[in-house]
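User: I am new to this structure and would like a close look at a single part of it. Please keep the answer connected and plain.

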Amino acid sequence: MKGIGAETADAMLVFALHKPSFVIDAYTRRFLDRMGYGFTDDRQIRHFFESGLPADYQVYGWYHWLLLEHGKNHCGKQPACDGCVFSTVCPGRTL
């Protein structure tokens with residue numbers, strides 16, 4: 001649909017229509033980049049999650065929520081690595 005981006009469309013599929021489609025947003029990209037994955041596009045990120053998780057809208061929604069909360073609390077534009085559960089293994093940490 002005109003005016004609806006990929007992130008919004010995926011969120012609508014998962015949360016409103018209960019269809020499995022992994023929601024990829026800036027928090028997800030930033031987290032994976034800081035963890036050293038080096039994906040070059042959203043297609044690779046989608047394949048990473050959808051090939052490793054059951055095709056279940058509830059699982060995808062839960063993972064999206066976890067990544068969103070982690071991004072808001074620790075892995076935002078300015079990282080707050082103190083107290084982050086990944087701080088000992090994250091190559092992008094700023095301790």
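Which side chain of opposite charge is nearest to D25, and how many Å away is it? Please also describe what surrounds D25.

Analyst: The model is a predicted one. The nearest side chain of opposite charge to D25 is R29, 6.1 Å away. D25 is buried and has no salt bridge. A salt bridge needs a side-chain nitrogen of Lys or Arg within 4 Å of a carboxyl oxygen of Asp or Glu, so a distance of 6.1 Å does not qualify.

As for its place in the chain, D25 sits in the loop that connects α1 (6–16) with α2 (26–34). The side chain of D25 does make a polar contact, 2.9 Å long, with the side chain of T28. A side-chain oxygen of D25 also comes within 3.3 Å of the backbone nitrogen of Y27, at the start of α2. Leaving out residues up to four places away in sequence, D25 touches E7, H64 and L68.

The helix that comes next, α2, has several buried residues: T28, R30, F31, L32 and R34. T28, the partner of D25 in the polar contact, is thus one of the buried residues of α2. The cover over the buried residues of α2 includes α3 (42–52) and α4 (57–73). After α2 comes G36, which has a positive phi, near 90°.

R29, the residue named at the outset, has a salt bridge with another residue. Its side chain meets that of D42 at 2.8 Å, N to O. This pair links distant parts of the chain, with D42 in helix α3 and R29 in helix α2, 13 residues apart. R29 is partly exposed, at 37% relative accessibility, and D42 is also partly exposed, at 29%. D25, by contrast, is buried.

The count of salt bridges in the model comes to five. Two further ones each lie within a helix. In general, side chains of opposite charge can pair when their charged atoms come close. An α-helix has 3.6 residues a turn, so residues three or four places apart point the same way. In helix α3, R46 and E50 are four residues apart, about one turn of the helix, and their side chains form a salt bridge of 3.5 Å, N to O. R46 has a relative accessible area of 23% and is partly exposed; E50 is partly exposed as well, with 30%. In helix α4, E69 and K72 are three residues apart, again about one turn. Salt bridges that share partners join D10, R46 and E50 into one network. The side chains of E69 and K72 meet in a salt bridge of 3.7 Å, N to O. E69 is partly exposed at 25%, while K72 counts as exposed at 51%.

The wider setting is a chain with four helices and zero strands. The radius of gyration is 14 Å, close to the 12 Å that the globule rule gives for 95 residues, so the chain is as compact as a globular protein of that length. Its C-alpha atoms fill a box of roughly 40 × 30 × 25 Å along the principal axes. Of the 95 residues, 29% count as buried, and D25 is buried too. Among contacts with a separation of 6 or more, 49% come from residues 24 or more positions apart. The chain exposes about 6200 Å², of which carbon and sulfur atoms supply 57%.

Note on methods. Residues numbered from 1 in each chain as written. Predicted model: local features only at pLDDT ≥ 70, side-chain atom pairs only at ≥ 80, totals over all residues. Heavy atoms only, no water. Helix = DSSP H or I, 4+ residues; strand = E, 2+ residues; numbered from the N terminus. Buried < 20%, exposed > 50% of the residue type's maximum accessible area, 1.4 Å probe, protein only. Lys, Arg positive; Asp, Glu negative; His and termini not counted. Polar contact = N/O pair within 3.5 Å; in protein donor to acceptor, adjacent residues only side chain to side chain. Contact = heavy atoms within 4.5 Å. Rg over C-alpha atoms; globule rule 2.2 N^0.38 Å. Areas by Shrake-Rupley, 256 points an atom, 1.4 Å probe, with all protein chains shown as cover.
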